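Take a look at the model below before reading on. The walk-through starts with the overall plan and ends at individual residues.

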Amino acid sequence: MTTYILIAMCTVIIIMLGALLMRPAKMDMSALREDNARLRERLSERLGALSQNAIELKNISSDIANFKNILMGNKQARGTFGERQLADLIADIMPPETYAFQSVLDTGVRPDCIIRLPYPPGDMIIDSKFPLESYNHMMNGDNPELYRKQFELDVRKHIDAIAEKYIIPGKTAEIAMMFIASESIFETLHREFPGAIEYAARRKVFIVSPATLWATLNTIRAVLSDIKIKRVAGQIKRELDMLLTDLNRLADRAGKVSQHFNLAQTDIEQLQTSIGKITPRAEKIKELDFDK
């Protein structure tokens, strides 16, 4: 890439020098000096721009090389890259209380990610590791057909491992997910290895890429929101039922108090009637003349 840039720079210089040589001989020297100054200025600007482009291209080449080393290099670096991409996706979409990374299950295994879901269906496990060694041999090796078989065999073994470790009856969801950080590998797997995809479906292991995982997580988040709304609605209904019960109890007690008031009022009226009868008799007794 740098060689091409140097060739382009030399070509520009030669063209400009040729343009100068083709000018008429009878030219004003002052005008020629001005043209040369402007030419040197433009040439300096062009060279500066080309140098900057060369630096940027070198940095891009370095970044591409580093990215290739991550994807095609050692297993640990590739696993870290997949885990990081998975973590970024989940953290961007899911609420913090609905997921956990590197959390130990009751069986002692430590999955890459757990999506917390109420049971049923239960916690859903996502595995971010993927066997790429045979894939790299298949794409770059001398015997691609042999490595095709090995690649599919490795994928099936990884599917079995996920199903056995991360699908626990009564503890986790009945399905698990295998995350592939590369969209191209995901497409190759679906296009050229349909048998592996069908096998994963039978083992209830769903293979996802960054794009399909994004859609899946948004669906899960919507379901969790619906469950939360239904739970809150249930709590509100229970509170309303209890409130109605209390209101009915209060109405019964108010009725009893009203009955007591009615009885008291009747007793008071009877007392007033008795007083009304006693008072005239007392007046008559008062009028009697006991001196005669």
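What follows moves from confidence and layout to the sheet, the cores and a few loop residues.

This is a predicted model. The mean pLDDT of the protein is 77. A score of at least 70 is reached by 73% of the residues. Confidence is not even along the chain. Helix α1, residues 2-21, has the lowest mean, at 57. Strand β4 has the highest, at 94.

The protein has 8 helices and 5 strands. Read from the N terminus, the order of elements is α-α-α-β-β-β-α-α-β-α-α-β-α. Of the 292 residues, 26% are buried. Among contacts with a separation of 6 or more, 64% join residues 24 or more positions apart.

Start with the sheet. It is open and has 5 strands, in the order β1-β2-β3-β4-β5. The pairing is mixed. Strands of a sheet pair through backbone hydrogen bonds, either parallel or antiparallel. Two strands sit at the edges: β1 (99-101) and β5, each pairing on one side only. On average, neighbouring strands are turned by 20 degrees against each other, with direction ignored.

Now look at β4, which covers residues 176-179. On one side, β4 pairs with β3 in the parallel sense, over 2 bridges. There, I126 stands opposite M177 of β4. β4 also pairs with β5, again in the parallel sense, over 4 bridges. M178 has I207 of β5 as its bridge partner, and F179 stands opposite V208 of β5.

Which residues of β4 lie on each side of the strand? A176 and M178 are on one side, while M177 and F179 are on the other. All four are buried, so both faces of β4 are covered. In a regular strand the side chains alternate between the two faces of the sheet.

M178 leads on to the largest nonpolar core. This core has 27 residues. F130, F151, V155, M178 and L189 touch the most other members. Several elements give two or more residues to the core: α4 (133-140), α5 (144-166), β4, α6 (183-192), α7 (194-202) and β5 (205-208). The largest share comes from α5, with 6 residues. Another core lies apart from this one and has 19 residues. Its members include L86, L89, I93 and C113.

The contacts of M178 show how one core residue is surrounded. Residues up to four places away in sequence are left out here. M178 touches F130 and V155, both named above among the residues with the most core contacts. M178 also touches H158, I159 and I162. From the stretch that forms β5, it touches V205, F206, I207 and V208. D127 and K129 complete the list.

Next, turn to the helices α5 and α7. Their axes come within 10 Å and cross at roughly 10 degrees. Angles under 35 degrees count as roughly parallel, and α5 and α7 are therefore roughly parallel to each other. On the α5 side, the contact is made by E152, V155, R156, I159 and D160. On the α7 side, the residues are G195, A196, Y199, A200 and R202. V155 thus appears in two roles: in the helix contact and among the core residues that touch the most other members.

Three loop residues close the tour. Begin with S128, in the loop between β3 (124-127) and α4. Is S128 buried or exposed? Its relative accessible area is 6%. The cut-off for buried is under 20%, so S128 is buried. Leaving aside neighbours within four places in sequence, S128 is in contact with G82, E83, L86, D112 and F179. L86 is one of the residues in the 19-residue core. F179 is one of the buried residues of β4.

Q102 and K204 are cases of another kind. Q102 lies in the loop between β1 and β2 (113-115). Its phi is near 55 degrees, a positive value in a residue other than glycine. With 32% relative accessibility, Q102 counts as partly exposed. K204 is found in the loop between α7 and β5. K204 is not a glycine either, yet its phi is positive, at about 60 degrees. Its relative accessible area is 39%, so K204 is partly exposed.

Methods
Residues are numbered from 1 along each chain as its sequence is written. This is a predicted model: local features need pLDDT of at least 70, side-chain atom pairs count only at pLDDT 80 or more; totals for chains, interfaces and linings use all residues. Side-chain values use heavy atoms; hydrogens and water are left out. A nonpolar core is a set of buried Ala, Val, Leu, Ile, Met, Phe, Trp, Tyr and Cys residues joined through side-chain atoms within 4.5 Å. Buried means under 20% relative accessible area, exposed over 50%, partly exposed in between (1.4 Å probe, protein chains only). Contact means heavy atoms within 4.5 Å. pLDDT is the predictor's confidence in each residue, from 0 to 100. Two strands pair if DSSP finds at least two bridges between them. Axes are lines fitted to C-alpha atoms, for helices over the stretch in contact, and angles run from 0 to 180 degrees between N-to-C directions. Angles under 35 degrees count as roughly parallel, over 145 as roughly antiparallel, 65 to 115 as roughly perpendicular and the rest as oblique.
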